[in-house]
Amino acid sequence: MKAIILVIEDNEQNLYLSRFLLEKNGFHVIAARSGPEGIELASRIRPDLIVLDIQLPEMDGYSVARALRQTPALKVVPMVAVTSYAMVGDREKALAAGCNGYIEKPIDPETFVAEIGKYLAPLAPKGGPP
Ligand code: MN
């Protein structure tokens with residue numbers, strides 16, 4: 001079964017590129033354009049990983065991350081923050097908000113999927129010993 005990745009991203013170009021790269025590599029991508037939509041979808045779908053843009057309108061990615069972590073079913077889902085603001089302290093803020101990792105924009109098509117893959121839990125082997 002394909003791993004499900006929820007991408008919370010308000011920028012259509014970034015969303016297009018993320019989706020293209022992830023789908024090309026065999027992931028199933030679900031998109032949300034805002035924090036509240038992302039939280040609603042995450043609660044309903046329980047994705048295997050969440051890619052979270054930090055610069056979102058209304059509700060920023062840090063608030064979204066905190067809200068997701070307060071949802072019991074989403075306490076341990078891997079979350080990777082994506083931000084163009086390579087400011088000192090951004091990484092710490094993202095991690096403090098509950099993200100497991102951090103990727104800087106612009107997305108590098110050569111490394112994006114490998115970076116994301118680092119945070120995906122390895123698939124549990126199916127069935128018992130032969
Ligand atoms: Mn954005």
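Which residues does Thr 83 touch, not counting residues up to four places away in sequence? Keep that in mind while you open the model, which is a predicted one; the tour comes back to Thr 83 after a visit to the metal.

**Stop 1: the manganese ion**

Start by selecting the manganese ion together with Asp 10, Asp 53 and Gln 55, its protein donors. The two aspartates each offer OD, while Gln 55 offers O, and the donors lie 2.0 to 2.2 Å from the ion. If you like to think in sequence patterns, the spacing of these donor residues reads D-x42-D-x1-Q.

Now colour two of the donors by accessibility. Asp 53 has a relative accessibility of 1% and counts as buried. Gln 55, by contrast, is partly exposed, with a relative accessible area of 28%.

**Stop 2: Thr 83**

Next, select Thr 83 in strand β4. Its relative accessibility is 1%, so Thr 83 counts as buried. Here is the answer to the opening question: Thr 83 touches Ile 54, Gln 55, Asp 90, Tyr 102, Ile 103, Glu 104 and Lys 105, leaving aside residues up to four places away in sequence. One of these, Gln 55, you have already met as a donor of the manganese ion.

**Stop 3: the cavity**

How many cavities of 30 Å³ or more does the structure hold? There is one, and the space in the largest cavity is about 30 Å³. To show its lining, select Val 7, Ile 8, Glu 9, Ser 18, Val 51, Asp 53 and Val 82. Two elements give two or more residues to this lining: β1, residues 4–8, and β3, residues 49–53. By type, the lining residues split into four nonpolar, one polar and two charged. Asp 53 appears again here, as a lining residue and as a donor of the metal.

**Stop 4: the cores**

Hide the cavity and turn to the nonpolar side chains. The largest nonpolar core has 23 residues, and those with the most contacts inside it are Leu 6, Ile 8, Ile 50, Leu 52 and Leu 68. To see where this core comes from, colour the elements that give it two or more residues: β1, β2 (28–32), α2 (35–45), β3, α3 (61–69) and β4 (79–83). The largest share, four residues, comes from α3.

Zoom in on Leu 52 and show its surroundings. Not counting residues up to four places away in sequence, Leu 52 touches Ile 8, Gly 61, Val 64, Ala 65, Val 80, Ala 81, Val 82 and Cys 99. Ile 8 and Val 82 also belong to the lining of the largest cavity.

Apart from the largest core lies another one, of 19 residues, including Ile 5, Phe 27, Val 51 and Val 113. Val 51 should look familiar from the cavity lining.

**Stop 5: Ser 43 on helix α2**

Move along to Ser 43, which lies in helix α2. Is Ser 43 buried or partly exposed? With a relative accessible area of 34%, Ser 43 is partly exposed. Its contacts are Thr 71 and Leu 74, again leaving out residues up to four places away in sequence. For a distance label, pick the C-alpha atoms of Ser 43 and Ala 73: these residues are 30 apart along the chain, and the atoms are separated by 7.2 Å.

**Stop 6: backbone angles in the loops**

Now switch to the backbone. Select Lys 105 and Pro 106, which are joined by a cis peptide bond with omega of about 0 degrees. Pro 106 sits in the loop between β5 (101–104) and α5 (112–117), while Lys 105 is one of the residues that Thr 83 touches.

Two residues other than glycine are worth a look for their phi values. Arg 46 has a positive phi of about 50 degrees and is placed in the loop between α2 and β3. At 55% relative accessibility, Arg 46 counts as exposed. Glu 58 also has a positive phi, near 70 degrees, and its place is the loop between β3 and α3. Its relative accessibility is 84%, so Glu 58 counts as exposed.

**Stop 7: Ala 114**

Finish on helix α5 by selecting Ala 114. At 52% relative accessibility, Ala 114 counts as exposed. For a last distance label, take its C-alpha atom and that of Lys 75: the two residues are 39 apart along the chain, and the atoms are separated by 23 Å.

Conventions
Residues are numbered from 1 along each chain as its sequence is written. This is a predicted model: local features need pLDDT of at least 70, side-chain atom pairs count only at pLDDT 80 or more; totals for chains, interfaces and linings use all residues. Side-chain values use heavy atoms; hydrogens and water are left out. Donors are N, O and S atoms within 2.8 Å of the metal (3.2 Å for Na, K and Ca); water is not among the atoms, so sites may look incomplete. Buried means under 20% relative accessible area, exposed over 50%, partly exposed in between (1.4 Å probe, protein chains only). On a 1 Å grid over the protein atoms alone, a cavity is a set of points where a 1.4 Å probe fits but cannot get out, and a pocket is an open set with protein on both sides within 12 Å along at least five of seven lines; lining residues have an atom within 4 Å of a point. Grid points are joined across faces, edges and corners, and a volume is the space filled by probe spheres set on the points. Ala, Val, Leu, Ile, Met, Phe, Trp, Tyr, Cys and Pro count as nonpolar, Asp, Glu, Lys and Arg as charged, and the others, Gly among them, as polar. A nonpolar core is a set of buried Ala, Val, Leu, Ile, Met, Phe, Trp, Tyr and Cys residues joined through side-chain atoms within 4.5 Å. Contact means heavy atoms within 4.5 Å.
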